Amino acid sequence: MNASDSIASGQLPQNSGVLGGGRMGAGIAHALLISGSTVVVVERDEASAQAAYERVSESVDKSIARAVVSESKDQLMQRFSVSMDYAQFATAQLVIEAVPEIWELKVSSLQAVEKVLDPDAVLASNTSSLSVSGLAKELTRPGKFLGLHFFNPVPASTLIEVVIGEQTDENLVEASRGWVQALGKTAVVVNDAPGFASSRLGVAIALEAMRMVEEGVASAEDIDNAMVLGYKHPTGPLKTTDIVGLDVRLGIAEYLHETLGDRFAPPQILKDMVAQGELGRKSGQGFYSW
Ligand SMILES: NC(=O)c1ccc[n+]([C@@H]2O[C@H](COP(=O)([O-])OP(=O)(O)OC[C@H]3O[C@@H](n4cnc5c(N)ncnc54)[C@H](O)[C@@H]3O)[C@@H](O)[C@H]2O)c1
């Protein structure tokens, strides 16, 4: 079995690449590395490449301290490199893009990666909201493209949302379940749609919780406790909104409102709080005082 056959069969790629080694990219690179892949992270400049290297190195230290890896730090880091040259992706069977969530940047970066990839290699995006089918339309091999939506922080999260575009090859659905399992995580397979499954449901609950505060049904604490104690959510929808940022949630709600209709219309209380600078944890005040 050659390398491209083995990735198509769901085995973890022997060689993988990550474009953009920020918060998510470094987490993804670390996950691939400790699962046995040889990983290169490509960054836009020297300083960002160095920062990416340090982020992965620190995560490796933590994995060693928690005894979740059997290899030594030297063994692991021998299989890891950073670069500013996209040509380093030429031997990768899987490249995951994790540059900032800006449409033009995603398109130009994915096109640049595609140019150097092996014809059988798979390209994935870690986008949290952009249309996977839309991005695929900008590529020359849309069948070999899909979304792999990792969650933050990657080492602590066991979920990866696999987002299947309109043109994604059918065999990548099963194959991607295999890669996700090899990374020690669980796949949720979703056909490309606004908000995928996770953001759509998470935001739906949060918007309803906000309307309940607005209508005086209950306090933020009591609404959150209803979900934490009654439904075993680790954090209530309003505290989660404070942690994510009210401005971020408003942006997602506006996008879902545009694409999915009025049921995602942002409540007035959310718009007012954002206008007043009450953005949640990062500003010190949201549905809670931080
Ligand atoms: N942060 C989260 O909670 C989260 C969760 C899930 C998905 N995402 C998605 O992951 C992606 C990355 O988010 P992040 O939070 O890691 O962002 P980040 O800003 O921490 O990292 C982005 C990295 O990309 C690099 N970069 C920018 N332009 C580049 C280029 N042309 N070539 C190579 N590298 C380039 C930057 O130097 C930076 O290191 C986004 O699409 C985001 O929506 C984020």
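This report describes the ligand site, the second largest pocket and the internal cavity of a predicted model.

## Ligand surroundings

The shell around the ligand holds 23 residues, and those that come nearest are Met 24, Glu 43, Glu 101, Lys 106 and Ser 128. By class, this shell divides into nine nonpolar, nine polar and five charged residues.

## Polar contacts and coverage of the ligand

Polar backbone atoms of two residues lie close to ligand oxygen: for Met 24 the distance to an oxygen atom of the ligand is 2.8 Å, and for Arg 23 it is 3.0 Å. A side chain also takes part, with an N or O atom of Arg 44 at 2.9 Å from an oxygen atom of the ligand. These pairs count as polar contacts because their N or O atoms are within 3.5 Å.

On its own, the ligand has 840 Å² of accessible area, of which the protein covers 78%. Two or more residues of the surrounding shell come from each of helix 2 (23-34), helix 5 (103-116) and strand 6 (145-150).

## Second largest pocket

The second largest pocket has a volume of about 300 Å³. Its lining consists of 15 residues, and the closest to the pocket centre are Arg 23, Ser 59, Lys 62, Pro 153 and Pro 155. Helix 2 and helix 3 (46-65) are the elements that give two or more residues to this lining.

In composition, the lining of the second largest pocket has five nonpolar, five polar and five charged residues. Arg 23 appears in two settings: its backbone offers a polar atom at 3.0 Å from a ligand oxygen atom, and the residue is among those closest to the centre of the second largest pocket.

## Internal cavity

How many cavities of 30 Å³ or more does a search of the whole structure find? The search finds one, and the volume of the largest cavity is about 40 Å³.

The residues that line the largest cavity are Leu 32, Leu 94, Ile 96, Leu 148, Phe 150, Ile 160, Trp 179, Val 180 and Leu 183. Strand 4 (94-97), strand 6 and helix 7 (171-182) give two or more residues each to this lining. By class, the lining has nine nonpolar residues, with no polar and no charged ones. Strand 6 therefore contributes two or more residues both to the shell around the ligand and to the lining of the largest cavity.

Definitions and conventions: Residues are numbered from 1 along each chain as its sequence is written. This is a predicted model: local features need pLDDT of at least 70, side-chain atom pairs count only at pLDDT 80 or more; totals for chains, interfaces and linings use all residues. Side-chain values use heavy atoms; hydrogens and water are left out. A residue is near a molecule or strand if one of its heavy atoms lies within 4 Å of it. A polar contact is a pair of N or O atoms within 3.5 Å; within protein, one must be able to donate a hydrogen and the other to accept it, and residues adjacent in sequence count only if both atoms are side-chain atoms. Accessible areas come from the Shrake-Rupley method with a 1.4 Å probe; for residues, only the protein chains shown count as cover. Helices (H or I, at least four residues) and strands (E, at least two) are DSSP runs, numbered from the N terminus. Ala, Val, Leu, Ile, Met, Phe, Trp, Tyr, Cys and Pro count as nonpolar, Asp, Glu, Lys and Arg as charged, and the others, Gly among them, as polar. On a 1 Å grid over the protein atoms alone, a cavity is a set of points where a 1.4 Å probe fits but cannot get out, and a pocket is an open set with protein on both sides within 12 Å along at least five of seven lines; lining residues have an atom within 4 Å of a point. Grid points are joined across faces, edges and corners, and a volume is the space filled by probe spheres set on the points.
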